[in-house]
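Please look over the sequence and the model shown here before reading on.

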Amino acid sequence: MKALDELISAFRRFPGVGPKQAERFALYVVRASGPEIDRLAEILHNVKETIGYCRECWDYTEKGLCSICSDSARDHSVLCVVERPQDVAAIEKSKTFNGVYHVLHGSISPLAGINSSQIKFKELAERVKNSGGGFKEIILALNPDSEGEATAIYITNALKPYGVKLTRLACGVPLGGDIDYMDEVTLGCALRGRTLV
Ligand SMILES: [Zn+2]
C-alpha cells in the first residue's frame, strides 16, 4: 500500500524511530478517527508557523526574543555555548547557571563533512564581536565526543582575537555521553568545575 509505505518512511525520518516503531505509528494513524488526525495536522502546522529562532541566542522560541534572553535578572555577560536546544533545557534544569546561551544547532564534524558554516558559528562570532568585550566569560558546554572536541578547538581558535575568557565543562562529564542525557547533579558539577581553555 503506497500511502501506508509513505507514512512509514515519513516516521522513519524521526530521530530514534526504527522500522517496527514507524510501522506501529503509521498503523495508529490508519486506525485513528478523522478529527484526531485533523487535530494532529493542525498542531504540526501550528508548530511550524509559530516557532522560530530567538534572534539573540538561536534557541527555539515563539517570540523574536526568548524568555532567557529577555530576562534582565540573568547575567548577560556570561555566555554558554551549546550544540542543541535540548542542552539549554538540561542546563536550565541543573539550576547552576544564570547567564545566557548560544545554540549552535550542531557540531563540527570533519568526518561527516560538517564545517563551521553549517552551524550557528558565524552568528556566535558576530555576537562576540558586537558585544565589544561585553562577555566576561564564554563557557563551551559541548558534548564530550570527537565532534564536540573539534567544535571546541575551532571556536577557541576563532574567538582568540577577541581576548575573551573561554572555559569548558570539566568534572563528571562521561566520555561519549550526551549533555541532555546527563543528570542534573553531574551537569551542575561539570559546570562548576569548568576550566580555562
Ligand atoms: Zn534567546
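The report below takes up confidence, then one helix, then the nonpolar core.

This is a predicted model, in which local features need pLDDT of at least 70 and side-chain atom pairs count only at pLDDT 80 or more, whereas totals for chains, interfaces and linings use all residues. Residues are numbered from 1 along each chain as its sequence is written. The mean pLDDT (the predictor's confidence in each residue, from 0 to 100) is 91 for the chain, and 95% of its residues reach 70 or more.

Helices (H or I, at least four residues) and strands (E, at least two) are DSSP runs, numbered from the N terminus. The table gives the two extremes of confidence among these elements.

| Element | Mean pLDDT |
|---|---|
| α7 (residues 184–192) | 71, the lowest |
| β4 | 98, the highest |

In helix α5 (residues 121–130), Phe121, Leu124 and Val128 are buried, that is, 20 or more other C-beta atoms, placed from the backbone, lie within 10 Å of their own, while exposed residues have 12 or fewer and partly exposed ones fall in between. These three lie on the same side of α5 because they cover an arc of only 55 degrees around the axis, taken from the directions from the helix axis to the C-beta atoms. The face turned away from that side carries the exposed Lys122, Glu126, Lys129 and Asn130.

The largest nonpolar core (buried Ala, Val, Leu, Ile, Met, Phe, Trp, Tyr and Cys residues joined through C-beta atoms within 7 Å) has 37 residues. Its largest share, 4 residues, comes from β3.
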